[in-house]
Amino acid sequence: MLEDASKNNVPYSDFLITLLSQEIEQKEKAALDKRLKKAKLPYIKSIHDFDFSFQPSIDERRVKEVLSGRYIHNGN
């Protein structure tokens, strides 16, 4: 990263922000991985893996709308 920043004349502040952001991201990922390993879950699933055909009472369109976060922007 340092070599690329030097070649492209990236300002120190931008380089530092990028470096620290990546450090934070890596630490958060490592902490999450550690918690998941400690939880000893049999498998990892997310809402994107949910089988809406198995549970037809849940409206897939509505769930996806909530996941998009548009309601935050719209103030609803």
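Okay, let's start with a cut-off: a residue is called exposed when its relative accessible area is over 50%, and buried when that area is under 20%, with partly exposed in between. Keep that in mind, since I'll lean on it throughout. And the usual caveat: what you have on screen is a predicted model.

So, first stop, Asn-9. With 66% relative accessibility, Asn-9 is exposed, because that value is over 50%. Where does it sit? Asn-9 is in the loop between α1 and α2. The backbone is the fun bit here: Asn-9 isn't a glycine, yet its phi is positive, about 50°.

There's another residue like that, further along. Lys-40 also isn't a glycine, and its phi is positive at about 55°. You'll find Lys-40 in the loop between α2 and α3, the latter covering residues 60–68. Buried or exposed, then, for Lys-40? Exposed: its relative accessibility is 71%.

Right, on to charges. Side chains of opposite charge can pair when their charged atoms come close. How many salt bridges does a search of the whole structure find? The search turns up 6, and I'll walk you through some of them.

Begin in helix α1, which runs over residues 2–7. Lys-7 makes a salt bridge with Glu-3, and their closest N and O atoms are 3.5 Å apart. The two residues are 4 apart in α1, about one turn of the helix. Both ends are out in the open: Lys-7 is exposed at 59% relative accessibility, and Glu-3 is exposed at 56%.

Now hop over to helix α2, residues 12–39. Glu-23 bridges to Lys-27 here, with 3.8 Å between the closest N and O atoms. That pair is separated by about one helical turn, because the two residues are 4 apart in α2. Glu-23 is partly exposed, with a relative accessible area of 38%, whereas Lys-27 is exposed at 55%.

Staying in α2, look at Asp-33 and Lys-29. Their side chains meet in a salt bridge at 2.9 Å, N to O. Asp-33 and Lys-29 are again 4 residues apart, about one turn of the helix. As for cover, Asp-33 counts as partly exposed at 36% relative accessibility, while Lys-29 counts as exposed at 52%. That 52% makes the exposed class because the cut-off is over 50%.

Last topic: the nonpolar side of things. Which residues form a nonpolar patch on the surface? They're Met-1, Leu-16, Leu-19 and Leu-20, with about 350 Å² of accessible area together. Take Leu-19 as the example: it belongs to helix α2, and it counts as partly exposed, at 35% relative accessibility.

Right beside it in your sequence view is Thr-18, which also lies in α2. Thr-18 has 38% relative accessibility, so it counts as partly exposed. How far apart are Thr-18 and Met-1 in space? C-alpha to C-alpha, they are 9.2 Å apart, with their positions 17 residues apart in sequence.

To recap, then: two residues with positive phi that aren't glycines, Asn-9 and Lys-40; salt bridges including Lys-7 with Glu-3, Glu-23 with Lys-27, and Asp-33 with Lys-29; and a nonpolar surface patch that takes in Met-1 and Leu-19. That's me done, thanks.

Notes:
Residues numbered from 1 in each chain as written. Predicted model: local features only at pLDDT ≥ 70, side-chain atom pairs only at ≥ 80, totals over all residues. Heavy atoms only, no water. Patch = residues over 30% accessible without salt bridge, like charges linked within 9 Å, V, L, I, M, F, W, Y side chains within 5 Å. Areas by Shrake-Rupley, 256 points an atom, 1.4 Å probe, with all protein chains shown as cover. Salt bridge = Lys/Arg side-chain N within 4 Å of Asp/Glu carboxyl O. Buried < 20%, exposed > 50% of the residue type's maximum accessible area, 1.4 Å probe, protein only.
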